Amino acid sequence: MKRSISGASVDLPRRRLLQFAGASVALGGLGLNAKWANASVDEDILDVVIVGAGLSGLTAACSLLQAGCESFLVVEARDRVGGRTLNHDLGNGYISEAGGQWIGSSQTAVADLARELGVGTFPSYYQGESVFLGGEGRMVTDLKGTLGADETLAAQLSELSRDVPSAAPWKSPRAAEFDKLSVGDWLSKQNVDLQKGLSLEGGIVISGGVMPAKLGLLHYLSMINSADCEYSQLDGMAHSAQDTRIVGGSQILSIKMAEQLGEKVKLSSPVRQIEGWDQDVVTIRTDSGDVRARKVIMAIHPALCQQIEFTPQLPAKRAALQRAWPGYSPMRKTAMVYSRPFWREKGLNGHLSQIGGPIIWAYDNSPPNGEIGVINAFVRSATLPSDLDKAKRVQTEIYAQALGEEALSPLSYHDHDWGQADPWTITCVSAIPPGFWSEHGEALRPPCGNLIWSGTETAEIWAGYMDGAVRSGRQSALQVLNALRLAGRSA
């Protein structure tokens, strides 16, 4: 999906930094209404270059603009904005999200951004019974807004997460103990029945990006810690991380921010080299030409940094983190479109889990008032044909078994494999393995010279989610503003 960004500039008022920071974070003395003390005499040198036009990079850019800093540019490798958020155009004004899409009940940063942009929200649909398939067997049950995980296990994980701070899991007093184990190791010691085990496994795969055997227990507990130490807030629907959807699809947030930024966003400009990050002026070499800046916000996935040549080489610990960061846990997400959400008429909520088949989890992704019916699904690429016609046929047959014969007659089918989409989305979520945080965690956030690390993976809460991306973007803008202020005072 390609989307052009208007080049028209927008004259935004220089609102106080508190509006976008979301907290009173030592803002005194930033001189928000004054011209920057360190404004470049050389007009060819920008104050800031932001690498990446996803939620994090665009939030950082809008935050700078709102604070009165106008000397910046956002460079993006793709020919669109939005990063790991992407809308499928279903026609007639309807969309379905191919990437990140939900706002959780405690994810206030992305909810605030939506309100600031005038974007509405609506509740996810989960009323009615969910379907579990196993071979020719079919079972229905009302999970009442949960994904059906074992309550005892959920309570145990919630309690364990209290010892694992989401901002720095490697600082947990039990880090050495937990980081030796995968989630699968821990689960193997518990007694889990088939249905609840399937629900738990599905939730872990969707949230963590891999099967439990490959996901670090310390990392997973840090995710639950983000969710107020309540497992149900991480992997559920009602009052959880999947509670709310965005009118117009999640990509609309990035599209609207990019429209405000106008010519300050440059698409189709992959960064190939960053030179002199340890000097006063950094050179960023892109396919669209070179640009120089005093500060650089790296708002991209850590593993993607491996595609950029840094001169001089990055400090050893940071370079090791980027090399070790898991760079391949893509998601494939499909959307089947019907004339109406017929399953609702049968008391079903459109949610489906499958044992041993291609469907990890399917769910009702229809528009706010159910004008058309949409079933989205996270699928196992290895067991679903890559040919779209065959993939569509396989899924319609599964949906017919689960939801009824009407499922055999969809209006359209959409399929997005993030592992094949482009070279700039090598992974959808970060499947952190055992041992990673203990070895590399300390290198995650500290700047390297004039490089400031951003992106959802650096967020102190809700890392890996849209909310984490927004938080990281605002935090990196604060870091840059403060660094520019200090540089101006010392000049």
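Student: Over how many bridges do strand S11 (residues 282–286) and S12 pair, and is the sense parallel or antiparallel?

Tutor: First, a word on what you are looking at: this is a predicted model, in which local features need pLDDT of at least 70 and side-chain atom pairs count only at pLDDT 80 or more, while totals for chains, interfaces and linings use all residues. Residues are numbered from 1 along each chain as its sequence is written, and side-chain values use heavy atoms, with hydrogens and water left out. Helices (H or I, at least four residues) and strands (E, at least two) are DSSP runs numbered from the N terminus, and two strands pair if DSSP finds at least two bridges between them. For S11 and S12, the sense is antiparallel and the count of bridges is five.

Student: Which residue of S12 is the bridge partner of Arg285?

Tutor: S11 and S12 form a hairpin, with two residues between the strands. Across it, Arg285 has as its partner in S12 the residue Asp290.

Student: What sense does the pairing of S12 with strand S1 (residues 45–51) have, parallel or antiparallel?

Tutor: S12 covers residues 289–298, and six bridges join S12 to S1. One position to look at is Val49, which stands opposite Val296 in S12. The sense of this S1 pairing is parallel.

Student: In S19, which residue is the bridge partner of Val296?

Tutor: S12 and S19 run parallel and are joined by three bridges. Within S19, the partner of Val296 is Leu451.

Student: How many residues apart are Arg84 and Glu457?

Tutor: Their side chains meet in a salt bridge at 3.0 Å, N to O; the term asks for a side-chain nitrogen of Lys or Arg within 4 Å of a carboxyl oxygen of Asp or Glu. Arg84 sits in the loop between strand S2 (72–75) and strand S3 (87–91), and Glu457 in the loop between strand S19 (451–453) and helix H14 (466–490). The pair therefore links distant parts of the chain, and the separation is 373 residues.

Student: Why does Arg84 count as partly exposed?

Tutor: Buried means under 20% relative accessible area and exposed over 50%, with partly exposed in between (1.4 Å probe, protein chains only). Its partner Glu457 is buried at 6%. Arg84 counts as partly exposed because its relative accessibility is 21%.

Student: Which strand holds Glu97, the partner of Arg245?

Tutor: The side chains of Arg245 and Glu97 meet in a salt bridge of 3.3 Å, N to O. Arg245 is buried at 3% relative accessibility, and Glu97 is buried at 0%. Arg245 lies in strand S8 (residues 244–246), and 148 residues away Glu97 lies in strand S4 (residues 94–97).

Student: Is Glu345 buried or exposed?

Tutor: Glu345 forms a salt bridge with Arg340 at 2.7 Å, N to O. Arg340 is partly exposed, with a relative accessible area of 34%. For Glu345 the value is 56%, so this residue is exposed.

Student: How many salt bridges does the structure hold?

Tutor: Side chains of opposite charge can pair when their charged atoms come close. Some of these bridges share partners, joining Glu76, Arg78 and Asp422 into one network. The total for the structure is 18.

Student: What is the angle at which helix H2 (residues 55–66) packs with helix H10 (residues 251–261)?

Tutor: Two packed helices are described by the angle between their axes and the distance between the axes. Axes here are lines fitted to C-alpha atoms over the stretch in contact, with angles from 0 to 180 degrees between N-to-C directions. The H2 and H10 axes are 10 Å apart, and their angle is about 35°.

Student: How many nonpolar residues are in the contact of H2 with H10?

Tutor: Contact means heavy atoms within 4.5 Å, and the residues making this one include Leu58 and Cys62 of H2 and Ser254 and Met257 of H10. Ala, Val, Leu, Ile, Met, Phe, Trp, Tyr, Cys and Pro count as nonpolar, Asp, Glu, Lys and Arg as charged, and the others, Gly among them, as polar. There are no charged residues and three polar ones, and the nonpolar count is eight.

Student: How many residues of helix H8 (residues 217–226) are buried?

Tutor: H8 is mostly covered, and its buried residues include His219, Tyr220 and Asn225. Just beyond, Asp228 follows H8 with a positive phi near 60°. The buried count for H8 is 10 of 10.
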